[in-house]
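User: Please take a close look at one part of this model, the shell around the ligand. I would like to know which residues and elements supply it, and how the strands involved are paired.

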Amino acid sequence: PAVEYGLDAPFDVEYHDSIPSTNARARDLAAEGASDVVVLADEQTGGRGRLDRDWASPSGGIWLSLLFRPDVPMAHAPVYTLAAAVAATRAAREAGVEAGIKWPNDVLVDVDGEERKLVGILTEMEGEADRVSWVVVGIGVNANVDPESLPSEANPTSLEAVRGAPVDRRLFTQRLVETFDTLRQSPDSVLDAWREYATTLGRDVRVETPRGVVEGEAVDVEFPGRLVVRTDDGRETVSAGDCEHLRRV
Ligand code: BTX
């Protein structure tokens, strides 16, 4: 295999050198009744982002999906997206890359005054309103990949490009999964950690939602992951699922 992923984590590891999508594989495992599995790949040939967008996943990245079955209502699941962003950001900082979180699902890093995308997160779930059956949190980390090989419209960068040296993918993944595991067990601690890493708070934003545009200052995040925006008319909250686009203004 391209990577020796012997993780010390409360997840079984399923590693693939190449697979269409670790999220699709994790969903299949969920349908078979599995839980607490992390699917990892060196390369994805059909990686997906939100709203069915493509996620470029060349060899050298960390493309992973965590499958688990928390005992929570469906409406709480967005907190796991925030937890994943915190876990990836912490791991990046430990690797010497000063990443920050842009609500709801981007981990960015400032390169010469420009924000570039380092990580993307896609959370999928199934179940009843009062209880999820399973959650799959897909995390795509541009680890040891050449940003030139990624779609330029998203202003991508990679850990390797920022550090000037490749990152130890096994160690990075170990730290990411450890942090995620701690956070999933105490969702209340997620928001505090998230606020610490957020680059969105205190900034003026313009959020496009299916019900219209919300514009104002992003002042806080609320459980399970709603952004609180102070607008001219007062205070509005936007859920991650309703965010089609967020722009800082
Ligand atoms: P997103 O919809 O927020 O972002 C997708 C957009 O990001 C694309 O339209 C493109 O512009 C840009 N983009 C594509 N590839 C990259 C890249 N490698 N780096 C930076 N920008 C890029 C974000 O969706 C959610 C991505 C989750 C990916 C993980 S990987 C493991 C798991 N398996 C899978 O198929 N998806 C998840």
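Analyst: What follows describes the ligand shell, then the strands that contribute to it, then the domain layout. The model is predicted.

The shell around the ligand holds 31 residues, and those that come nearest are S21, G49, G120, G138 and G140. By class, the 31 divide into 12 nonpolar, 13 polar and six charged residues. Four elements each supply at least two residues of this shell: the helix α1 (22-31) and the strands β3 (62-68), β6 and β7. Of the elements, β6 gives the most, with four residues.

Strand β6 covers residues 114-128 and pairs with β5, residues 106-111. These two strands run antiparallel and are joined by six bridges. Within this pairing, D106 has G120 as its bridge partner in β6. G120 is also one of the residues that come nearest to the ligand, which places one of the β5–β6 bridges at a residue of the shell. The hairpin of β5 and β6 has two residues between the strands, and D112 takes a positive phi near 50 degrees there.

β6 is also joined to β7, residues 131-141, again in an antiparallel arrangement, here by 10 bridges. A hairpin of two residues connects β6 to β7. One position in this pairing is E124, which stands opposite V136 in β7. G138 and G140 are among the residues that come nearest to the ligand, and both numbers fall in the range of β7, 131-141. In a regular strand the side chains alternate between the two faces of the sheet.

As for the wider setting, the protein chain is divided into domain 1 (12-197) and domain 2 (204-248). The residue ranges of β5 and β6 and of β7 lie within the bounds of domain 1. The C-alpha centres of the two domains are 23 Å apart. Contact between the domains involves 12 residues of domain 1 and nine residues of domain 2. On the side of domain 1 that touches domain 2, the elements giving two or more residues are α2 (78-94) and α5 (187-197). α2 gives the most to that side, with four residues. The residues of that side comprise eight nonpolar, three polar and one charged.

Key:
Residues are numbered from 1 along each chain as its sequence is written. This is a predicted model: local features need pLDDT of at least 70, side-chain atom pairs count only at pLDDT 80 or more; totals for chains, interfaces and linings use all residues. Domain bounds come from an automatic or database domain assignment. Two residues are in contact if their C-beta atoms, placed from the backbone, lie within 7 Å. Ala, Val, Leu, Ile, Met, Phe, Trp, Tyr, Cys and Pro count as nonpolar, Asp, Glu, Lys and Arg as charged, and the others, Gly among them, as polar. Two strands pair if DSSP finds at least two bridges between them. A residue is near a molecule or strand if its C-beta atom, placed from the backbone, lies within 6 Å of it.
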